[in-house]
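Student: I should be grateful for a close look at a single helix of this model, together with the backbone around it. Please treat it as one connected account.

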Amino acid sequence: MSLSDPHTRFPLGRRAVRRMGYGAMQLAGPGVFGPPKDPDAARAVLRAAVAAGVDHIDTSDFYGPHVTNQLIREALSPYPDELVIVTKLGARRGEDASWNPAFSPEALTQAVHDNLRNLQLDVLDVVNLRAMFSVHGPAEGSIAAPLTVLAELQAKGLIRHVGLSNVTPTQIAEGRSICPIVCVQNHYNIAHRGDDALIDQLAQDGIAYVPYFPLGGFSPLQDAQLDAVAARLGVTPMQLALAWLLHRSPNILLIPGTSSLGHLHENLAAAELKLDADTLAALDRIAD
Ligand SMILES: NC(=O)c1ccc[n+]([C@@H]2O[C@H](COP(=O)([O-])OP(=O)(O)OC[C@H]3O[C@@H](n4cnc5c(N)ncnc54)[C@H](OP(=O)(O)O)[C@@H]3O)[C@@H](O)[C@H]2O)c1
């Protein structure tokens, strides 16, 4: 696989993007709150990602809040036509950095306008509704009311495509009865595989699956088996974890997050790795 290989693309709204993208959450300050220590370095990571061929960036106006989107605008606007920026709504940060549900029509409408202003866009490419029934993972509850608000904002031309995040199969089915859903963004990685069946179903339906915490999130993956296989192949454990995801299913689009130029290039290079059946079988045992 290679970043320039057309077979490594999958549809995400208005275009098929490369399967190796970039998640911008790590660019805000500690705890995803406030500005980073070195905003120039954060902007340099964004520019380097796009220069290396990344055409899919994941963000939210509640990262910072506002900070990550403002960094993206400062670094990348005016945006290349091929760049798909995906944002998410559904939370508001408290002054204590807490993550609070924000699903009223007023809050969602405000969030769309905040994203448009901070990213300096006339229309948002893809907006994920981030369910907040539980902050720790998907939990049942109807998403009909907030999703209907997003569908109305889509009809007004402020949003091109809608996705869902932190959701169950029941909520995805409910969502698809309200408007087309182009992507699902849930917690998934080589050691956290609760969505295995869902990923296969979404692949059949032509819907992108975008795992968040692909490297384990705030505490990156640590696993002896992952380390051993990586050492045998002469790659890093993080590269191997990303390559495994790319092999897992063709509808998986990656958004590894990093604030480091070195890690960015290391992660992008994982798109080049080809894993054989024995290696994949060894890696599959990690989730056991
Ligand atoms: N929908 C949701 O609810 C939700 C929730 C969380 C995240 N997200 C999205 O998903 C994206 C990815 O998740 P994430 O950034 O939280 O977690 P992640 O990609 O799993 O891991 C990020 C962590 O790994 C480190 N890292 C990255 N590359 C590395 C490498 N090559 N070697 C060693 N460490 C490395 C980063 O530190 P350094 O900065 O030092 O590299 C950071 O601590 C986010 O950026 C965000 O856009 C969505």
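**Helix H3 and its surroundings**

Tutor: In this predicted model, helix H3 comprises 15 residues, and the distance from its first C-alpha to its last is 21 Å, close to the 21 Å expected at 1.5 Å a residue. Viewed down the axis of H3, the buried residues fall within an arc of 145 degrees, so they line one face of the helix. These buried residues are Leu108, Ala111, Val112, Asn115, Asn118 and Leu119. Each of them has 20 or more other C-beta atoms within 10 Å of its own, as the term buried requires. The elements that cover them include H2, E5 and E8, together with helix H4 (144-155) and strand E9 (159-165).

The end of the helix deserves attention. H3 (105-119) is followed by Gln120, which lies in the loop leading to strand E8 (124-130). Gln120 has a positive phi of about 55 degrees although it is not a glycine. Most residues other than glycine have a negative phi. With 15 other C-beta atoms within 10 Å, Gln120 is partly exposed, because a residue counts as buried only from 20 such atoms and as exposed only at 12 or fewer.

A comparable backbone feature occurs before the helix in the sequence. Ala97, in the loop between strand E6 (91-93) and strand E7 (99-101), has a positive phi of about 75 degrees and is likewise not a glycine. Ala97 has 13 C-beta neighbours inside 10 Å and therefore counts as partly exposed.

Helix H2 (67-76), one of the elements covering the buried residues of H3, has a cis peptide bond in the loop on either side. In the loop between strand E4 (56-58) and H2, the bond from Gly64 to Pro65 is cis, with omega near -15 degrees. In the loop between H2 and strand E5 (84-89), the bond from Ser77 to Pro78 is also cis, with omega near 0 degrees. Most peptide bonds are trans. Strand E5, which the second of these loops reaches, is itself among the elements that cover the buried residues of H3.

The ligand may be described for context. It is surrounded by 28 residues, of which Gly23, Met25, Leu215, Gly257 and Thr258 are the closest. The shell divides into eleven nonpolar, 13 polar and four charged residues. Its largest share, three residues, comes from helix H9 (residues 261-269).

Note on methods
Residues are numbered from 1 along each chain as its sequence is written. This is a predicted model: local features need pLDDT of at least 70, side-chain atom pairs count only at pLDDT 80 or more; totals for chains, interfaces and linings use all residues. A residue is near a molecule or strand if its C-beta atom, placed from the backbone, lies within 6 Å of it. Helices (H or I, at least four residues) and strands (E, at least two) are DSSP runs, numbered from the N terminus. Ala, Val, Leu, Ile, Met, Phe, Trp, Tyr, Cys and Pro count as nonpolar, Asp, Glu, Lys and Arg as charged, and the others, Gly among them, as polar. The expected span of a helix is 1.5 Å times one less than its number of residues. The arc is that of the directions from the helix axis to the C-beta atoms. Two residues are in contact if their C-beta atoms, placed from the backbone, lie within 7 Å.
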